[in-house]
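The following exercises ask for careful reading of a structure, each with a worked solution. Please keep the sequence and the model open while working through them.

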Amino acid sequence: MGELLRRYWLPVLLSAELTAGGPIRRIRRLGDDLVLARAPDGTIVALAARCPHRGASLHLGHNEPGGLRCIYHGWKLDPRGQCVEMPNEPEQNRFCAQVQTRAYASRERGGVVWLYLGAGDAPPSLPDLEWNLDARCPAYLHASERACNWVQAMEGDLDSSHIGVLHARFDAPDGPTVPGAAMPGSWARGMRMVRELGAPLLDVVDTAYGALYTARRPREDGTDYHRVHPFLFPCHTMLGGVGEPGRLSFNGKCWVPIDDTHTWMLDWHYRPGSPWSDDERAAIEHARYPFPAGEEPGPECDYGRDRGLEGTRMFFGVLSNPLQDRAVEESMGAIADRSGEHLGPADAMIIRVRKRLLAAARALRDEGVAPPGVESPRLYRVRPVGAVLPPGADWVRATQDARDAWSLQP
Ligand code: FES
Ligand SMILES: [Fe+2]
């Protein structure tokens with residue numbers, strides 16, 4: 001699976017986390033330790049973290065014009081990974097020219113730094129992801145980490161049936177899951193409301209970019225509410241696609257392994273045709289990430305769980321949806337033991353995506369088949385859709401135009 005992931009351009013950091021001539025960042029992605037810096041001229045430098053001399057981490061060094069200088073003996077490595085200065089060796093040694101380190105191909109687009117961590121040449125283009133391409137309507141972006149395996153974390157976005165349970169709120173008049181006025185009551189009453197919301201019926205299809213599913217919920221008027229959400233190889237999810245015409249917004253995430261047991265999560269929120277105002281950005285931030293960086297409560301304090309809220313305001317008294325997701329995903333352990341699972345029809349998308357990922361990894365290993373999407377950036381021109389359809393409708397066909405409504409079509 002690591003080899004598969006290395007065939008793709010992967011988002012690894014927010015552009016805003018690197019300042020020109022500023023500190024060198026040390027990160028781990030796909031188990032590789034590397035350093036990232038923005039050179040004084042604004043370009044990105046991405047090198048293996050270990051200095052090729054004796055292994056000191058280059059993040060301790062200086063970010064200079066023309067390269068990164070190790071703090072230990074002053075070796076300087078240019079953006080291609082070539083050693084260009086070796087002040088602790090006499091120049092006549094000509095040793096410098098013989099030393100190289102790993103440099104990673106990088107791109108920057110839409111506020112995100114992308115890297116290619118594979119061998120050989122990187123694919124020519126980044127995937128055509130609308131949220132990352134629309135300079136007129138920049139996405140709201142937030143990066144955070146989860147202390148568990150990336151697939152385990154990503155599966156939360158392939159799992160519509162937990163929304164009406166884990167994330168249920170009893171106090172929001174227009175809440176995402178349980179409409180209705182504030183309803184103080186007991187935990188049992190809350191559970192009754194969760195049940196009334198109804199379980200979704202899932203239907204899954206394979207696509208060229210990965211897989212697509214609908215989570216269908218029958219409505220009182222006899223129609224069906226569909227949430228139609230794609231998974232795009234290797235680690236992209238998309239949700240939402242609801243809103244009045246012209247105010248349609250959606251969101252999604254990129255789930256990039258730090259290593260087998262830690263995940264870097266990029267959460268994006270995008271609204272085509274209508275840039276987020278500063279107030280709207282602040283509102284998204286407040287709803288989803290109400291803690292200052294580094295102060296989010298973790299497992300040591302039950303993620304800040306307040307059981308006093310659980311009968312009256314919310315099903316799970318943890319303050320935001322991403323934190324609720326994090327709590328349950330990390331509670332499965334660093335790598336969930338799948339052998340003890342009991343997957344049902346509500347898990348159909350999780351099952352399908354596991355199969356697709358494994359099949360693609362095996363096809364690459366056994367037959368050298370390029371994984372889905374690697375050579376086809378246009379496949380990523382997809383939107384998630386929320387739609388009300390008549391019962392029995394062909395949801396794939398009925399949502400085709402809305403899914404293809406990529407706003408940047410030439
Ligand atoms: S360890 Fe980096 S220059 Fe010696
Ligand atoms: Fe969730």
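**Exercise 1.** Identify the residue with a positive phi in the hairpin of E9 and E10, and place that hairpin within its sheet.

*Solution.* In this predicted model, the hairpin of E9 and E10 has two residues between its strands, and Gly-110 takes a positive phi near 55° there. The two strands of the hairpin run antiparallel and are joined by five bridges. Widening the view, one finds an open sheet of three strands in the order E1-E10-E9, with antiparallel pairing. Strand E1 (9-14) and strand E9 (105-109) are the edge strands, each of which pairs on one side only. Neighbouring strands of this sheet are turned by 30° against each other on average, direction ignored.

**Exercise 2.** Determine which residues stand opposite E10 on either side, and decide whether E10 is enclosed or open to the outside.

*Solution.* Begin with the pairing to E1, which joins strand E10 (residues 112-116) in the antiparallel sense over five bridges. Within this pairing, Leu-14 stands opposite Val-112, while Pro-11 has Trp-114 as its bridge partner. Turning to E9, the bridge partner of Arg-107 in E10 is Trp-114.

The next step is burial, for which the cut-off is 20 or more other C-beta atoms within 10 Å. Five of the five residues of E10 are buried, so the strand is largely enclosed by the rest of the structure. Both of its faces are covered, with Val-112, Trp-114 and Tyr-116 buried on one side and Val-113 and Leu-115 buried on the other.

**Exercise 3.** Describe the sheet that contains E5, and give the strand order, the edges and one pair of opposite residues.

*Solution.* Four strands make up this open sheet, in the order E5-E6-E7-E8, and their pairing is antiparallel. The edges are strand E5 (62-64) and strand E8 (83-85), each pairing on one side only. Following the order inward from E5, one meets strand E6 (residues 67-69), which runs antiparallel to E5 and is joined to it by three bridges. In E6, Arg-69 stands opposite His-62.

**Exercise 4.** Compare the span of helix H7 with its expected value, then work out what its buried residues pack against.

*Solution.* Helix H7 (residues 348-367) has 20 residues, and its first and last C-alpha atoms are 27 Å apart, close to the 28 Å expected at 1.5 Å a residue. Its buried residues are Ala-348, Met-349, Ile-350, Arg-352, Val-353, Leu-357 and Ala-360. These buried residues pack against helix H1 (2-5) and against three strands, namely strand E12 (201-206), strand E13 (210-218) and strand E14 (224-232). Just after the helix, Gly-368 takes a positive phi of about 70°.

**Exercise 5.** For Ile-284 and Ala-327, establish the helix, the degree of exposure and the contacts beyond the sequence neighbourhood.

*Solution.* Take Ile-284 to begin with, which is found in helix H5 (residues 278-288). Because 17 other C-beta atoms lie within 10 Å, Ile-284 is partly exposed. Not counting residues up to four places away in sequence, Ile-284 touches Tyr-140 and His-269. For His-269, the C-alpha to C-alpha distance to Ile-284 is 8.4 Å, at a separation of 15 residues in sequence.

Ala-327, in turn, belongs to helix H6 (residues 321-331). Since Ala-327 has 19 C-beta neighbours inside 10 Å, this residue counts as partly exposed. Leaving aside neighbours within four places in sequence, Ala-327 is in contact with Tyr-303 and Val-318. Ala-327 and Pro-299 are 28 residues apart in sequence, while their C-alpha atoms are 7.2 Å apart in space.

**Exercise 6.** State how the protein is divided into domains, and characterise the contact between domain 1 and domain 2.

*Solution.* The domain assignment gives domain 1 (13-105) and domain 2 (130-403). Their C-alpha centres lie 37 Å apart. At the contact, five residues of domain 1 meet seven residues of domain 2. Sorted by class, the side of domain 1 that touches domain 2 consists of two nonpolar, one polar and two charged residues.

Technical notes: Residues are numbered from 1 along each chain as its sequence is written. Chains are lettered from A and ligands numbered from 1 in the order in which they are written. This is a predicted model: local features need pLDDT of at least 70, side-chain atom pairs count only at pLDDT 80 or more; totals for chains, interfaces and linings use all residues. A residue is buried if 20 or more other C-beta atoms lie within 10 Å of its own, exposed if 12 or fewer, and partly exposed in between; C-beta atoms are placed from the backbone. Two residues are in contact if their C-beta atoms, placed from the backbone, lie within 7 Å. Two strands pair if DSSP finds at least two bridges between them. Axes are lines fitted to C-alpha atoms, for helices over the stretch in contact, and angles run from 0 to 180 degrees between N-to-C directions. Domain bounds come from an automatic or database domain assignment. Ala, Val, Leu, Ile, Met, Phe, Trp, Tyr, Cys and Pro count as nonpolar, Asp, Glu, Lys and Arg as charged, and the others, Gly among them, as polar. The expected span of a helix is 1.5 Å times one less than its number of residues.
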